[in-house]
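These are my notebook entries on what I looked up, one topic at a time. I began with a single helix and then moved outwards to the cores and the contacts between chains.

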Amino acid sequence: MSSSALFGGTGIIIFLVGLLGTFSLPHLLKKIVCINVMGSGVFLVLAAVGNKDVGATNDPVPQAMILTGIVVAMASSVFALALARQIAHRSGFWLLPEDREKL
Amino acid sequence: MNAEVLLTAPLLGAIILWVTGSKKPLPVWAAVCVGTLFAGFGLGSELTEHGEPYRILLGGWQAPLGINLVVDGLTVFMVILTSLLGLFVGWYSLAFKHAGSSLFWPLWMGVWTGLNGVFLSGDLFNIYVMLELIALGSIALMVVEGHLKTQVAALRYLLAALVGSLTYLLGVALLYAEYGMLDYLSLGEVVEPGPRSSVAFGLMVSGLLLKTPLFPLHVWLPEAYSTPSPQTGALLSAIVGKASFYVLLRIWFQGCPAVPTPSLGRLLGTLGSVAIIWGSVLALRQRSLKRLVAYSSVAQLGYLFLIFPISASASGQPRWLEFAYTGTVYQLLAHALAKASMFLSAGIAVEAGGTDALSEVRGLAERRPVTVFTLAISGATLMGLPPSGGFTAKWLILKGALGVGQWWWALVLLIGGLLAAAYVFAVLRFAFDQRDEPEAVAEPTRSSEWAALSLALCSILLGLWLQEPMRLLVLGGIGINQ
Amino acid sequence: MTVSEFFTIASLILGCFFFLAGTVGLLRLPDTLCRLHALTKADNLGLGFIVFALILQSQSVLESLRLLVIWLAALLTSSTASYLIGRHTLLSRDRKDSHL
Amino acid sequence: MILDWLVVVLLVILSLTILLARDLFWVVASFITFGLVLTLAWSSLQAPDLALAEAAIGGGLMTLFLIDSLGFSDPEQTSSAGGFPITKLQGLTALGSMIVAVPLLRAFWAGGAVSPGLGPLVEQKIELSGVEHPVSAVLLNFRFFDTWFEMTVILLAIVALQTLRGRTPRGDSLPSGQSDQVLTWFARLLSPVLILFSVYLLWRGKHAPGGAFQSGVVLGAALSVLALTGYQDFLLRSPVVSRLVVTLGVVGFSGAGLFPLVLGGELAELPSGWAGDTILIVETMAALSTGMSIPYLLVALQVPKDKVQCEERTS
């Protein structure tokens with residue numbers, strides 16, 4: 001298996017693990033971490049797409065997309081983090097109301 | 001020059017308003033409105049001159065290497081719609097006493113930039129960046145007022161939006177793996193159904209459905225639209241969700257026209273119908289005005305998805321697809337204008353009545369005739385009464401559906417219209433009720449009422465003005481190049 | 001095997017030993033201050049030996065200098081960070097004591 | 001190859017730890033390690049730019065914010081935060097839904113040959129772009145528009161964070177009582193070095209991995225260190241000036257994007273011959289504003305302690 005195929009597949013698995021966590025973990029901080037994991041999975045897939053095995057030139061466009069994507073994702077997750085912190089601060093729980101009832 | 005103004009005027013507006021602390025937003029707001037409206041109409045006339053959709057090569061780089069803007073009829077309508085919303089919602093904000101924080105202005109201008117970017121961009125990755133810009137800005141708009149309830153709704157929306165856009169991005173990555181380009185028009189010529197492109201398409205569509213949202217992914221919507229300030233609710237329901245739907249249209253009909261199967265189209269159509277009925281029933285059961293309006297959005301978004309099953313059987317008969325397509329765009333425009341107007345009116349009613357309870361709307365007709373009139377007009381659009389834009393939209397979709405022999409959607413349209421009538425009249429009935437002792441309440445300004453009314457009138461005007469838009473819309477747009 | 005190769009291997013093994021010892025210490029030692037002690041050993045000595053090994057193999061003076069700078073920077077940060085952690089531990093311990 | 005497998009296995013294990021760990025501390029610690037391992041993955045995929053960015057963002061910024069949030073959260077709540085799954089039914093559904101992994105993986109692996117992508121085209125046109133490093137050429141010339149709006153996203157995030165505070169950053173919410181001698185001495189020593197390094201990264205981006213964003217993050221780290229050790233005056237003296245610096249990146253991109261229109265070119269068409277210089281100016285502005293944004297973000301994250309709304313907690 002080439003390293004592109006290896007990392008691409010891993011990226012997809014990581015994406016799904018993150019997706020699962022985002023939906024099923026009740027803690028807001030965990031949700032946000034999981035979204036970041038999802039993002040890393042997508043970026044791994046993109047990097048694997050851009051990485052051409054021996055012989056061909058590497059494709060810089062996916063790398064540029066990842067760089068842009070990392071920054072954009074970071075901006076959103078910092079905002080999400082701040083929002084979650086404020087909610088935790090004001091309500092006393094790191095949870096969405098619907099999850100609070102479940103626990 | 002027009003596209004450039006559309007992209008940069010709101011951006012520069014946002015920067016100026018933020019740096020100066022937006023103490024006097026009026027001149028900047030006016031300049032951006034005038035500039036983008038002129039540019040929007042200019043884009044339309046330029047398109048008519050060209051006679052076919054055209055590209056703008058950003059940086060002078062041709063498509064696969066660079067990012068190209070694509071201008072066609074749909075683009076023109078979307079950017080003009082955004083400018084109109086900017087104009088009237090901005091007017092309302094200026095006139096409304098409790099306009100909220102000064103951060104409303106730079107954030108809305110930022111969202112505006114992102115919206116115009118999505119509508120103009122022809123590049124799938126660039127669209128991702130723009131969608132993130134919109135999501136971030138609109139969620140910040142929600143929390144401008146800082147109630148805990150809104151913050152919770154905002155975080156829920158933000159999580160959904162992030163998951164949606166990352167799912168979309170994974171689809172883009174897989175598509176790039178197969179074809180090595182991001183320009184959706186060029187992709188449309190080469191994409192064929194295959195394991196990779198089908199999965200990529202599925203991912204992009206599901207991400208966008210979560211953001212739009214389509215039933216049953218709408219769980220975040222009611223709270224998100226009903227808890228923030230009326231201006232924000234208006235903008236979110238009118239245009240922010242529509243941006244994702246717009247991208248969906250582009251991908252479905254232009255980016256990967258060969259990929260979607262008829263059964264997928266039927267699935268979306270069915271979910272759309274369920275959304276129409278379920279959303280309306282829930283709207284009918286609400287006891288709060290803003291929540292009623294929010295649930296009605298779930299229903300009205302459902303109509304947009306009827307185009308997919310119709311298009312599946314319309315191959316070889318582009319005429320019917322053309323009807324369905326124009327109808328869908330009309331529904332999009334009419335709903336955006338009417339729903340924005342409803343949210344603004346709801347804001348006025350809440351302000352005048354003191355609470356959000358539907359029963360407190362009682363006596364509004366006496367005190368606030370203009371607002372009640374506005375609610376009635378925009379309600380007419382939602383129901384689809386002639387001569388509103390909503391009527392034209394539903395009539396066009398109906399024609400398309402019957403043309404391809406899918407008569408059952410007519411039934412859905414009929415039931416949806418009746419249910420919409422039921423919930424609109426539920427509001428109006430209270431408004432015309434007598435109220436014994438009018439309490440001392442805040443007095444919203446007249447001017448804010450006129451802003452809401454203008455939006456409602458625009459939605460009616462849309463129904464009266466058909467020839468020109470139709471011709472522009474089918475200019476090389478969706479469904480014609482197949 | 002040349003002399004430099006012998007020293008490289010020896011100091012790599014030594015460096016790894018210190019890293020291992022530091023990690024074991026971090027996991028096994030009872031309180032924060034003891035753990036800090038273990039950790040700084042890993043940083044200073046472990047990294048030091050590995051950098052030394054690499055310097056022996058490096059081609060140019062510039063490269064050796066760069067490696068040296070890496071080690072110095074790590075020393076500087078780890079000592080400041082351990083100082084801060086240690087101070088925080090002591091302060092919070094005092095606070096606890098005064099509570100009792 | 002063995003290293004690749006090691007990295008991959010570690011990544012999957014760490015992501016599963018994030019999913020399954022009950023203790024919040026473990027989740028955050030695993031995520032930080034995840035970021036570091038990811039850096040190895042980027043190097044293995046021959047993407048040193050990404051490794052740099054990941055180290056700066058995943059290893060630096062997100063770590064900072066997450067650990068800060070960890071300290072902010074209630075220790076009793078963190079340990080009983082509720083792991084995965086909450087109910088058995090949910091667990092089963094979740095595992096069942098992992099079936100989607102099969103078509104996804106198949107799409108990636110069995111979809112036929114991966115297209116050559118745009119690599120050859122970039123190589124062909126790179127001479128016109130004004131820079132020698134292909135990733136920089138894509139970011140700052142071919143896909144200038146993306147980067148322009150990426151800067152806008154950062155700006156909007158800062159404005160968005162302000163909605164949560166409702167006021168401009170002030171010194172009182174910065175962690176105080178840290179004016180420790182050792183720390184101050186270290187900050188004084190470190191920040192000039194960091195600033196120098198950020199300039200180096202900026203200059204290097206033209207022909208090798210590096211560039212505005214990485215440089216900006218390093219500059220931001222320097223400014224954050226200063227802000228945290230009592231030199232936060234630069235954030236406070238004039239809100240308008242610091243806001244101006246923060247917007248500098250977007251302003252630079254807008255200027256470079258719009259100026260060609262005056263010359264009769266397309267939007268964002270960097271003037272041929274001057275493309276390299278334009279890019280350098282824009283990058284400098286972007287790095288400055290990114291650098292200024294980071295302490296801004298850091299400050300904006302702090303919840304003002306004196307404004308606890310207890311009434312909402314009780315209701």
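**Entry 1, a helix in chain B.** I checked the length of helix H2 (residues 25-50) of chain B in this predicted model. At 1.5 Å a residue its 26 residues should span 38 Å, and since the end C-alpha atoms are 37 Å apart, the two values agree. I then looked up which residues of H2(B) are buried, and found among them Pro25(B), Trp29(B), Cys33(B), Gly40(B) and Leu47(B). These buried residues pack against helix H1 (2-19), strand S2 (68-71), helix H3 (73-95), helix H4 (104-120) and helix H20 (467-473) of chain B. After the helix comes Gly51(B), and I noted that its phi is positive, near 80°.

**Entry 2, the cores.** I next looked for nonpolar cores, and the largest has 345 residues, with Ala47(A), Ala84(A), Leu136(B), Val172(B), Ala173(B) and Ala157(D) having the most contacts inside it. Both domain 1 (1-81) and domain 2 (133-315) of chain D give residues to this core, so it lies between them. I followed Val172(B) further and, leaving aside neighbours within four places in sequence, I found it in contact with Leu124(B), Phe125(B), Tyr128(B), Leu182(B) and Met204(B). A second core, separate from the first, has eight residues, including Phe18(C) and Ile50(C).

**Entry 3, which chains touch.** Which chains share the most contacts? Of the four pairs of chains in contact, it is chains A and D. I found 75 residues of chain D in contact with 65 residues of chain A, and on the chain D side these divide into 55 nonpolar, 12 polar and eight charged.

For chains B and A, the contact takes 21 residues from chain B and 28 residues from chain A. Helix H5 (124-142) and helix H6 (148-179) of chain B each supply at least two residues of the chain B side, and H6(B) gives the largest share, 16 residues. I sorted the chain B side by type as well, and it divides into 18 nonpolar, one polar and two charged residues.

Chain C touches neither chain A, where the nearest C-alpha atoms are 23 Å apart, nor chain B, where they are 33 Å apart.

**Entry 4, confidence in chain C.** I looked up the mean pLDDT of chain C, which is 84, with 92% of its residues at 70 or more. Within chain C, confidence is lowest in helix H3 (residues 61-99), at a mean of 82, and highest in helix H1 (residues 3-28), at 87.

Technical notes
Residues numbered from 1 in each chain as written. Chains lettered and ligands numbered in written order. Predicted model: local features only at pLDDT ≥ 70, side-chain atom pairs only at ≥ 80, totals over all residues. Helix = DSSP H or I, 4+ residues; strand = E, 2+ residues; numbered from the N terminus. Expected span 1.5 Å × (residues − 1). Buried ≥ 20, exposed ≤ 12 C-beta atoms within 10 Å, placed from the backbone. Contact = placed C-beta atoms within 7 Å. pLDDT = per-residue confidence, 0-100. Core = buried A, V, L, I, M, F, W, Y, C linked by C-beta atoms within 7 Å. Domains from an automatic or database assignment. Nonpolar A, V, L, I, M, F, W, Y, C, P; charged D, E, K, R; others polar.
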